[in-house]
Structure formats: structure tokens, C-alpha cells
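Trainee: Please take me through this chain from its overall layout to its individual residues, and show how each value is reached.

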Amino acid sequence: MPTVGRNSIGRPPLKQRLILSHLQERIVSGDLGPRTRLPTRRDLAEQFDASPVTVQQAFDHLMRSGFIESRGGKGTFVV
């Protein structure tokens, strides 16, 4: 049985991958530098026509990979 939130071959769903790669590219390129606040989950959900849960899953992956950190009610920032 596949993991929840992943397709049958173990990859995150398309919109989650799009959001993830978009943010990773902006971070790696320096467009979003250290200590830069990321767009809100709501803004990204609207931009990518995705659910807030999908955006959160992309954020979770970026956090596990060390790209970003969440600061409670202050937002999510590039590490």
C-alpha cells in the first residue's frame, strides 16, 4: 500500500512537486536568501491552485531537507 500523500511509485503528487521545486530553485538561486520569509501557505495555494495541505507537505519536505524553518506565528523562513 502506498504512503498517504504519494502516488503509486513513491513520488509526491504533481502539485506538491511543483511547489517544492519552485521554492528549492528560488532558494538555491539566491532569489530567496537566508532569513527571507516565504510566501504564506495561502498565497502559494492560490498561486499553484493547490490545497493548503499540499503546500504544507512541500514545506514539510523543505524543512526535513534543511532549506527552511518555521517560526511559529511569525512565518516560515529560509535557513
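**Reading the predicted chain**

Trainee: Which pattern does the chain follow when read along the sequence?

Mentor: This is a predicted model, in which local features need pLDDT of at least 70 and side-chain atom pairs count only at pLDDT 80 or more, while totals for chains, interfaces and linings use all residues. Residues are numbered from 1 along each chain as its sequence is written, and side-chain values use heavy atoms, with hydrogens and water left out. Three helices and two strands are present, taken as DSSP runs numbered from the N terminus (helices are H or I with at least four residues, strands are E with at least two). Along the sequence, the chain therefore reads, with these runs as its elements, as α-α-α-β-β.

Trainee: Which element of the chain has the highest mean pLDDT?

Mentor: The pLDDT, which is the predictor's confidence in each residue from 0 to 100, averages 89 over the chain, and 85% of the residues score at least 70. Among the elements, H2 has the lowest mean, at 96, whereas the highest, at 98, belongs to E2.

Trainee: What percentage of the residues in the chain is buried?

Mentor: The accessible surface comes to about 5,100 Å² (Shrake-Rupley method, 1.4 Å probe), and 53% of this surface belongs to carbon and sulfur atoms. A residue is called buried under 20% relative accessible area, exposed over 50% and partly exposed in between. Of the 79 residues in the chain, the buried ones make up 29%.

Trainee: Which elements give two or more residues to the largest nonpolar core?

Mentor: In soluble globular proteins, nonpolar side chains tend to be buried together. A nonpolar core is here a set of buried Ala, Val, Leu, Ile, Met, Phe, Trp, Tyr and Cys residues joined through side-chain atoms within 4.5 Å. The largest one has 16 residues, and Ile19, Leu23, Leu38 and Phe59 have the most contacts inside it. The elements that give two or more residues to this core are H1, H2 and H3.

Trainee: Which residues does Leu23 touch, not counting those up to four places away in sequence?

Mentor: A contact means heavy atoms within 4.5 Å, and among the contacts in the chain with a separation of 6 or more, 51% are between residues 24 or more positions apart. With residues up to four places away in sequence left out, Leu23 touches Leu32, Leu38, Leu44, Phe59 and Leu62.

Trainee: How far apart in space are Ser21 and Ala58, C-alpha to C-alpha?

Mentor: Ser21 is found in helix H1, and its relative accessible area of 27% makes it partly exposed. Ser21 and Ala58 are 37 residues apart in sequence, while their C-alpha atoms are separated in space by 9.0 Å.

Trainee: Is Thr76 buried or exposed, and which side chain does it join in a polar contact?

Mentor: Thr76 is found in strand E2, residues 76-78, and it counts as buried because its relative accessibility is 3%. Residues that it touches, beyond four places away in sequence, include Thr36, Phe59 and Ile68. A polar contact is a pair of N or O atoms within 3.5 Å, and within protein one must be able to donate a hydrogen and the other to accept it, with residues adjacent in sequence counting only if both atoms are side-chain atoms. At 3.3 Å, such a contact joins the side chain of Thr76 to that of Arg41.

Trainee: How many residues apart in sequence are the parts tied together by the salt bridge of Asp49 and Lys15?

Mentor: Three salt bridges are found in the whole structure, each being a side-chain nitrogen of Lys or Arg within 4 Å of a carboxyl oxygen of Asp or Glu. In one of them, the side chains of Asp49 and Lys15 meet at 3.7 Å, N to O. Asp49 lies in the loop between helix H2 (41-47) and helix H3 (52-64) and Lys15 in helix H1 (residues 14-29), so the parts that this pair ties together are separated in sequence by 34 residues.

Trainee: What is the distance between the closest N and O atoms of Arg71 and Glu69?

Mentor: Asp31 and Arg26 also meet through their side chains in a salt bridge, at 2.6 Å, N to O. Arg71 is partly exposed at 34% relative accessibility, and Glu69 is partly exposed at 33%. In the salt bridge between Arg71 and Glu69, the distance between the closest N and O atoms is 3.0 Å.

Trainee: What value is phi of Arg35 near?

Mentor: Most residues other than glycine have a negative phi. Asp49, which is exposed at 60% relative accessibility, has a positive phi near 50°. Arg35 lies in the loop between H1 and H2 and is exposed at 66% relative accessibility. Its phi is also positive, at a value near 70°.

Technical notes: Buried < 20%, exposed > 50% of the residue type's maximum accessible area, 1.4 Å probe, protein only.
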